[in-house]
Amino acid sequence: MKEELRQATVKLRRKDAQIQKLVAAHRDMARAAAEREGALQRSLTSAQDTAKISADVVLARDAELSSAKRRLADTAAERDEAGQKASSAANVLKEERDKARLELEQALQTAVQLRHEWRRGRRPN
């Protein structure tokens, strides 16, 4: 009976050693899993921070783009207005040139008439 008790004790000790090894292995696996989870959590947090920064950059660039579009539209409107003013000024200058040309032609005709009259002996009044 003592031998059976000793063998049962040895078996129990072996089983206990196996259980201790399994418990240690599971504890190591749990620790490793916790470390991986922590690393993944840090990586996720970093990715979220990067995404937030990227989103902020995109929003800032979008605002810059909108501002540039507004400035471009304003500049185009100013250019169009300046073009219209230049066109109006050109039209006024053309009208003044045409009037001056007409006056010059009339003055030339009057001068030619006066010269003819002078040559014919008529004195203008």
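1. Charge distribution. In this predicted model, the chain carries 27 positive and 20 negative charges, and the mean positions of the two sets are 6 Å apart.

2. Secondary structure. The chain contains one helix and zero strands. Its radius of gyration is 52 Å, well over the 14 Å that the globule rule gives for 125 residues, so the chain is more spread out than a compact globule. The box filled by the C-alpha atoms, taken along the principal axes, is roughly 175 × 15 × 10 Å.

3. The helix. Helix H1 covers residues 2–119, which amounts to 118 residues. From its first C-alpha to its last, H1 reaches 169 Å, close to the 176 Å expected at 1.5 Å a residue. After H1 comes Gly121, which has a positive phi, near 95 degrees.

4. Burial and surface. Of the 125 residues in the chain, 1% are buried. The exposed area of the chain is about 11600 Å², and carbon and sulfur atoms supply 57% of that area. A hydrophobic residue that illustrates the exposed class is Leu93, which is found in helix H1. Leu93 has a relative accessible area of 55% and is therefore exposed, since the exposed class begins over 50%.

5. Salt bridges overall. Six salt bridges are found in a search of the whole structure. Three of these are taken up in the points below, among them the pair formed by Arg6 and Glu3.

6. Arg6 and Glu3. These two side chains form a salt bridge in which the closest N and O atoms are 2.6 Å apart. Both residues lie in helix H1, with a separation of three residues, about one turn of the helix. Arg6 has a relative accessibility of 46% and so counts as partly exposed. Glu3, with a relative accessible area of 39%, is also partly exposed.

7. Asp56 and Lys52. A salt bridge joins the side chains of Asp56 and Lys52, at 3.2 Å from N to O. The two residues lie in helix H1 and are four residues apart, about one turn of the helix. Asp56 is partly exposed, at a relative accessible area of 38%, whereas Lys52 is exposed, at 52%. The two residues fall into separate classes because partly exposed ends at 50% and exposed lies over 50%.

8. Glu81 and Lys85. The side chains of Glu81 and Lys85 also meet in a salt bridge, with an N to O distance of 3.3 Å. Because Glu81 and Lys85 are four residues apart in helix H1, about one helical turn separates them. Glu81 has a relative accessible area of 42% and is partly exposed. Lys85, at 55% relative accessibility, counts as exposed.

9. A distance along the chain. Leu93 and Arg115 are 22 residues apart along the chain, and their C-alpha atoms are separated by 32 Å.

10. Points to check in the viewer. Which residue follows H1 with a positive phi? The residue is Gly121, with phi near 95 degrees. How many residues does helix H1 have? Helix H1 has 118 residues.

Conventions:
Residues numbered from 1 in each chain as written. Predicted model: local features only at pLDDT ≥ 70, side-chain atom pairs only at ≥ 80, totals over all residues. Heavy atoms only, no water. Rg over C-alpha atoms; globule rule 2.2 N^0.38 Å. Buried < 20%, exposed > 50% of the residue type's maximum accessible area, 1.4 Å probe, protein only. Areas by Shrake-Rupley, 256 points an atom, 1.4 Å probe, with all protein chains shown as cover. Lys, Arg positive; Asp, Glu negative; His and termini not counted. Charge placed at Lys NZ, Arg CZ, Asp CG, Glu CD. Expected span 1.5 Å × (residues − 1). Salt bridge = Lys/Arg side-chain N within 4 Å of Asp/Glu carboxyl O.
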